[in-house]
Amino acid sequence: MESLQRSVWEGLSALEKEEWMHTIARQLPEQMKYDGLQTFERYGQRTETGVFACGGQQFVFVPGDRVTLGWDGWQEGMNEETSADMLETVSEYGVEDVDSFLSDQMSPVREVKIAPMLVECRTHSLGWTEVTEEEAVEQDDTDFAAALEGFRHGKLNEYEQYQQFRLVRQGEDIRIFWFNEDLALEELLEEEAEAGFGVLTEDEWEYLYGGGCRTLFPWGDSFDYTLKLKHFGDLQEADDPMDDSTEPLTALVDQSDRPYDLELPNFFGVQFVGDPYTYELTLDDDGEMQPKGGDGGSMICGGMGPLVGFLPAATVFYRDANASDLDCEDLMDCMHYRRMIRLAEVAES
């Protein structure tokens, strides 16, 4: 399967890539349909790849590679604006050595081999399931009807009753999510495995997020102050993009329809949650849960501001050192997962 390695794949013609995608499609579950080639480009990386559909969800082919993951130092170094912002923010919490502060929160440097795979473009919430209004009423929750009525006539975009129900305004519609308190992670993984799907390892997640880049962020070592971030809005329109106030800027600047930048498809066509309050489920080498892409909002809640507060969601190699102390049940309401298929395993079956 050498042609499915990134270095070879990038040199194939569109016709050759199509042939490979049809070959792969014949080995996949019947519900997985090939939709054609599509090109994704972001952060200076570009991939022409195959897109598949399954049950209303999109999957993309991601070529394999041998890459270095983890972080232990700068490639380009921070620019003056990022450096000043970083030092000012962390020094207020007694941190004097920025490099050590960052290294302590990143995964270790290691060389890994990533198998070619099909990856679901969007994640699923682990603990929350979307329901209709009729299904929600059937739950017989005494708080729901009043909350829905107040939300319908109010101005909030989101409302959540902790681990009960969540309301999200989408245009003229209101989406309703119900918390699944009976969900067991082991059962979910077994069900997905029976359907032919796995979940990402930490190595695979870091490769998907950074594409093998060696910089702190997928776009470089310096923070991008043109981003629109969840909880902070458009940083360029804020009075001071280096303000480390604990008050989110969303109410001031989040009025446009411009999407949050960290939620947009990347160079593989994969979309991430882009919210440090959430995690994406990955597994370590022992099959144990290793959440990625967030810290439960700890640094934002601690008043760290957009740069440091979004390190868990914006950096490639962030690893929450405290996640191992939490039970899966504690993370259910903020955990997401995505399905994937390792093509090396398909070829061997």
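In which loop is Tyr-162 found? In this predicted model, Tyr-162 belongs to the loop between β9 and β10. Its relative accessibility is 56%, and a residue over 50% is called exposed, so Tyr-162 counts as exposed. Although Tyr-162 and Asp-333 are 171 residues apart along the chain, their C-alpha atoms are separated by 8.4 Å.

From this loop we can step into strand β10, where Leu-167 is found. Leu-167 has 0% relative accessibility, and since buried means under 20%, Leu-167 counts as buried. The C-alpha atom of Leu-167 is 8.1 Å from that of Asn-157, a residue ten places away along the chain. Leaving aside residues up to four places away in sequence, Leu-167 touches a set of residues that includes Asn-157, Glu-158, Tyr-159, Ile-174, Arg-175 and Ile-176. Also among the residues that Leu-167 touches are Phe-144, Ala-147, Leu-148 and Phe-151.

Those four names lead to helix α6, residues 144–153, whose buried residues are Phe-144, Ala-147, Leu-148 and Phe-151. Viewed along the axis of α6, these buried residues lie within an arc of 100°, so they line one face of the helix. The spacing follows a general rule: an α-helix has 3.6 residues a turn, so residues three or four places apart point the same way. On the face of α6 turned away from the buried side are the exposed residues Ala-145, Ala-146 and His-153. The buried residues of α6 pack against α5 (133–137) and against three strands, β9 (158–161), β10 (165–170) and β11 (173–179).

Helix α3, residues 80–91, can be read in a similar way. Its twelve residues, at 1.5 Å a residue, should span 16 Å, and the C-alpha atoms at its ends are indeed 16 Å apart, which agrees. The buried residues in α3 are Thr-82, Asp-85, Met-86, Thr-89 and Val-90. Around the axis they cover an arc of only 110°, which puts them on the same side of α3. That buried set packs against α4 (98–103) and α11 (305–309).

What is the state of the residues of α8, buried or exposed? Helix α8 is mostly covered, with nine of its nine residues buried. They are Glu-202, Asp-203, Glu-204, Trp-205, Glu-206, Tyr-207, Leu-208, Tyr-209 and Gly-210. Just after α8 comes Gly-211, which takes a positive phi of about 65°.

Helix α8 also leads to the empty spaces in the model. Searching the whole structure gives three cavities of 30 Å³ or more. The volume of the largest cavity is about 70 Å³. Its lining includes Trp-205 and Tyr-209, together with Phe-272, Val-273, Gly-274 and Asp-275. α8 (202–210) and β14 (279–280) each supply at least two residues of this lining. By class, the residues lining the largest cavity are six nonpolar, three polar and three charged.

The second largest cavity holds about 60 Å³ of space. It is lined by Arg-42, Tyr-43, Tyr-209, Pro-218, Leu-262, Leu-264, Asn-266 and Phe-272. Tyr-209 and Phe-272 are thus named in the linings of both the largest cavity and the second largest cavity. The lining of the second largest cavity has six nonpolar, one polar and one charged residues.

The model also has pockets, and the second largest of them has a volume of about 220 Å³. Of the 16 residues lining this pocket, Asp-295, Ser-298, Tyr-318, Asp-320 and Asn-322 are the closest to its centre. The lining of the second largest pocket divides into eight nonpolar, four polar and four charged residues.

Tyr-43, one of the residues lining the second largest cavity, brings us to backbone angles. Most residues other than glycine have a negative phi. Tyr-43 is not a glycine, yet it has a positive phi of about 55°. Tyr-43 is found in the loop between β1 (33–42) and β2 (45–54). With a relative accessible area of 25%, Tyr-43 is partly exposed. His-231 is also not a glycine, and its phi is positive, about 80°. The place of His-231 is the loop between β12 (228–229) and β13 (233–234). At 22% relative accessibility, His-231 counts as partly exposed.

How values were computed:
Residues numbered from 1 in each chain as written. Predicted model: local features only at pLDDT ≥ 70, side-chain atom pairs only at ≥ 80, totals over all residues. Heavy atoms only, no water. Expected span 1.5 Å × (residues − 1). Buried < 20%, exposed > 50% of the residue type's maximum accessible area, 1.4 Å probe, protein only. Arc of directions from axis to C-beta. Contact = heavy atoms within 4.5 Å. 1 Å grid on protein atoms, 1.4 Å probe; cavity = no way out; pocket = protein on both sides within 12 Å on 5 of 7 lines; lining within 4 Å. Points joined across faces, edges and corners; volume = space filled by probe spheres on them. Nonpolar A, V, L, I, M, F, W, Y, C, P; charged D, E, K, R; others polar.
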